[in-house]
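Visitor: Please show me the structure, and let us then discuss its aromatic rings and its nonpolar cores.

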Amino acid sequence: MNREPLPLRPDPGSGERRSSLGDLLLTSDRGQRRCMQAIMISAFVYFICICVLIYGARRGLFAPGPVTILGVLMAATTLGFYLVVRTGLNRRFAEATMTFPQAIMAQTLVACGYTLTGPIHAANLMLFGLVMTFGMFDMHVKYARIMAAYTISVTGIAMLWGWRSDPTVYPAELEILYFVLAVTVLSAISQLSVVLAKMRARLKRQKDELQLALEHIQDLATHDELTGLANRRHILELLEQHAQRYARGGPSFYVVMTDLDHFKRINDTHGHAVGDDALRSFARQAQAQLRNTDEIGRWGGEEFLLLMPETPPGDPNVGLERLRTALAESEASEHVAGLRVYFSAGLSRYRKGEAIAETIERADRAVYAAKAAGRNRTVAL
């Protein structure tokens, strides 16, 4: 009985080996890989050019000695730029892609090829345009203009050299026509490069502005504009995250509700601007006196909610008393001498499995107990 051949199973390590080989040759850094890919493209073009030079030399179209040197220079150029990127030396330059020096070197080699390839020298004009096109997507406006001027200059020098050395193969009439066409095409490509460079700069500027606007929107969505603290929604999100972490075996935490004492009197006596100063003073001192692991947000009006992770054998009230002392020693507003801010606080430890709203409600009841007991104190429930 005939059996169907079993399907071949892919080697589970083949993908990893390919990835490792790719990282070894091209690096695993995304930015460096982009530079490396550009070098690989130019390496492919150089390889084709070297093959053409070898073919022409064997067919007797070119002198073997000079074109051999040119081929070696092409290979050395590719290897040199590859090593610079692979070792990370390109990061020391303002233009890490090194498009400009690569293009300058390529145009120099193409110009040399123009003087050495005799009967097919006109084909090098396409390579001049190719290099200009290759560089137009990455080059800065200034470098694009320098590149165009340099390319036109070396093209003219190569044509003049060819005419002077072998006017039969490089007749002046044709070289003039070639030069006019080359200048026209290269100038057009240069102008396109400038337009693209300006578009890239504009897009980058718009992207940066959009990023700043997005960050500002995100900040407004999560922070209180007056105090700079987390807003009510954001502090609730942090509380839920800590509750989930606690359910998975993480540390417990305390919820502290604070209310500034006699805040309405401050507003009525000194105005809302001084009241805002008092709120900012409390926020500033809270950020300075509490632990880095503590989170504080503005709950609403003169109420603030603190999230204080439990760190045995620490006592969360230590930080609250430190804050209370700092507020008593500092003026709440530069507009009213001697104005101090005091607060009542309700402290409640989160109980595993309960809703965050229950913990907050318990802390809120503790605040009322603190106020009923004389204010400027902390009550735990």
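Visitor: Over which ring does the charged end of Lys352 sit?

Guide: This is a predicted model, in which local features need pLDDT of at least 70 and side-chain atom pairs count only at pLDDT 80 or more, while totals for chains, interfaces and linings use all residues. Residues are numbered from 1 along each chain as its sequence is written, and side-chain values use heavy atoms, with hydrogens and water left out. A charge sits over a ring if NZ of Lys or CZ of Arg is within 6 Å of the ring centre and within 35 degrees of the ring normal. At 5.7 Å from the centre, the charged end of Lys352 sits over the ring of Tyr246.

Visitor: Why is the pair of Tyr246 and Tyr350 classed as it is?

Guide: Rings of Phe, Tyr and Trp (its six-membered ring) pair if their centres lie within 6.5 Å; planes under 30 degrees apart count as stacked, over 60 as edge-to-face and the rest as tilted. Here the centres are 5.9 Å apart and the planes lie at 70°, so the pair of Tyr246 and Tyr350 is edge-to-face.

Visitor: Which residue joins Tyr246 and Tyr350 in one aromatic cluster?

Guide: Tyr246 and Tyr350 are both buried (under 20% relative accessible area, with exposed over 50% and partly exposed in between, using a 1.4 Å probe and protein chains only). The aromatic cluster that holds Tyr246 and Tyr350 also contains Phe253.

Visitor: Over the face of which residue does Arg232 lie?

Guide: Arg232 is placed at 3.9 Å from a ring centre. The ring belongs to Trp299.
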